[in-house]
Amino acid sequence: MKNQHEHTHGCAHCSCNNPVLEILKEELFSAENLTKINPGSGKATHEKPQTLMISGGIIRPMIGGSTETVESIGIADGNVVITGQEADVKDYMEKNHPGYQKRELTENQTLLPGLIEPHVHMIPTAMMQGWLDVSPFEGQDLLAVYDLTSVGIIINKHIPKIPGAVILGRGLDPSLMPFEEKNGKKELITINNTVLDGINNQTPMMLLSASMHTLYLNTKALEHVFKNSSEIQKEYGSADKYISETKGQLQEGLQMTPALNVVKLQIIAMSIQINSYLTHLFKLANSRGVTFMYDAGLNKVSEMLLSKYFETHTEWVRTGGAYLCSSQEEVDKLDHYKEPDHYKPVYCGHIKVVSDGSNQGLTGYQSAPYLCDPANNTGVFNFPQAGIPAQTIPPNYNTLINTVVAGKGWPLMVHANGDQAVTFAINAYQRTLAQYRGPELRNRIEHCSLLTADHITNMLQMGVSPSFLIGHVGYWGYAFKEVIFGEKAQMLDLCGSTLAAGMRITLHSDNEVSPLGPLRMMEQSITRIMEKNPNDIEVLNSTERLTPEQALIAVTYDAAWQCYADQWVGSLNKGHFADFVILEQDPLSLNTPSLQYMKMRNIPVLETWVGGICVYVGDKNEKAVSEKDTIYSSNS
């Protein structure tokens, strides 16, 4: 593992900077390939919004962030026109929208504003859908059995039929496999070329880790890369040296790039289907009640692809995002910020900076080493500067953030997982906000995984809000507690403390690092149950649990606010978009004990509406849309 001073900027960082997209963006998005992706110039056809009065059941419009109910809601021309008592709504609709349709919900059916995913990666996720899914998830649940044997079964059932094609897999997560015992100590399982040879030693295999920090290759793949890469031949001299020195564990963009370049044409052929993959992604989101997604890593290519998609396809979800900047040169080219004053697909609300990596990928930047192998590993910081002590914030990082906020006036979201990365982000915010002279900005820290009381106090004073990847607790909490951090895991996702201090918070999936699903995210924030514990139900730091009401606000009202979308979505105010979801059950009605909330992710989504148009109708008798429904394109 490289230390701070050896590391160069441009690593894979979780989903925030997908190495495949970075490597292939020039070739994939050539004029010829863009024509294949978006043939013709047809315009999207849209249904006419319904004029509708909905009453009965449980209706929570979340106006002003309140979870109180109303008797009825009226919608017309794609917007909410009134909420309140049924008689008042009826009078208004008859007077202003005669001929409206009436809908009566049953007793337990619940209408909420459309749920929000405030931190996702749409284009990278869609691009990778053609890769074989070797992740630990089935829907929103962890697989009952997830180990090298189960992964091997999946791989060997999907050997590419095209001669010369490489097995391409995504989502491999050693941190969610059974631990190894080494010298009486628990360790994460080690995956290298010989381990993968035990799965398949005949077909070249490249498996991208869930954190996107590592590309794992079997021996056949290493030989294939060496044979077809002049860069690797020049650097290593022989295939045996390449194999022995890397052991099939290619770290960061510098090592991954030559290998991915060798399979570039195969990846491009799969990625031509990106529009169908985007449609699958958005329909999956609708099936989980999502009507708004905020991309936490836009660039010119992904922004253009999404914009072109919405020109020719139904707008299944509203979209916005943050523009990813990874160098001072990129930041210097920014225009001065102007807050979005009207909605358009893929509007830009923030600048994004990635300061470190992934805690479960052992690249989040820490003040003390991880407890597990490799020894003395404190992760990586993506803005190193020669001669700067490890615990001192690099001046170039300060300069970049100062230019974004104080110089250009942009709201900023900083990816910071490790506690040292969070400290650096807070210090940089303090310095730049002392110089900033402008309207209040909705600055964020993404993931914000490991917090102290001082972190919370400083963030509150600066008006910086956290967005928590709550799957760190629900999915990875057990690994953090048992192997990666020990007692330090108690610092994970301090949702309760940040709210108690008076901050506004949100919950996110970082899809596809974890599955889409605000109801699941609510559940994990309410229970804080570590789902990977094989023996018992165990809670990680119960004092940080949210109430159901707090969790609902975090995925609706406050999520919209954090994404500069609260003038359109997040609540069903008069004049806001008629974006809403109808659930079979009220997520706030699940009574104690807290284990009841383990059912929250399974509450059926009956309908999802965007702009007064029903974009999803659930059927309990049919299989729900699943991430694993996508056909593995390399087989064709």
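**Exercise 1.** In this predicted model, find the helix that holds leucine 148, decide whether leucine 148 is buried, partly exposed or exposed, and list which residues it contacts beyond its neighbours within four places in sequence.

*Solution.* Begin with the location: leucine 148 belongs to helix 5, which covers residues 148-157. Next, take its relative accessible area, which is 22%; since buried means under 20% and exposed means over 50%, leucine 148 counts as partly exposed. Finally, once the neighbours within four places in sequence are set aside, the contacts of leucine 148 are Met177, Ile189, Ile191, Val195 and Ile199.

**Exercise 2.** Name the buried residues of helix 7, work out how they are arranged around the helix axis, and state which elements they pack against.

*Solution.* First, in helix 7, residues 219-228, the buried residues are Thr219, Ala221, Leu222, Val225 and Phe226. Viewed down the axis of helix 7, these residues fall within an arc of 160°, and therefore they line one face of the helix. The general background is that an α-helix has 3.6 residues a turn, so residues three or four places apart point the same way. As a last step, look at the surroundings: the buried residues of helix 7 pack against helix 6, strand 12, strand 13, helix 8, helix 9 and helix 10.

**Exercise 3.** Describe how strand 23 and strand 24 are joined, and find which residue of their hairpin takes a positive phi.

*Solution.* Strand 23 (residues 605-610) and strand 24 (residues 613-617) run antiparallel and are joined by four bridges. As one example of the pairing, glutamate 607 has valine 617 in strand 24 as its bridge partner. Two residues lie between the strands of this hairpin, and glycine 611 takes a positive phi near 60°.

Key. Residues are numbered from 1 along each chain as its sequence is written. This is a predicted model: local features need pLDDT of at least 70, side-chain atom pairs count only at pLDDT 80 or more; totals for chains, interfaces and linings use all residues. Side-chain values use heavy atoms; hydrogens and water are left out. Two strands pair if DSSP finds at least two bridges between them. Buried means under 20% relative accessible area, exposed over 50%, partly exposed in between (1.4 Å probe, protein chains only). The arc is that of the directions from the helix axis to the C-beta atoms. Contact means heavy atoms within 4.5 Å.
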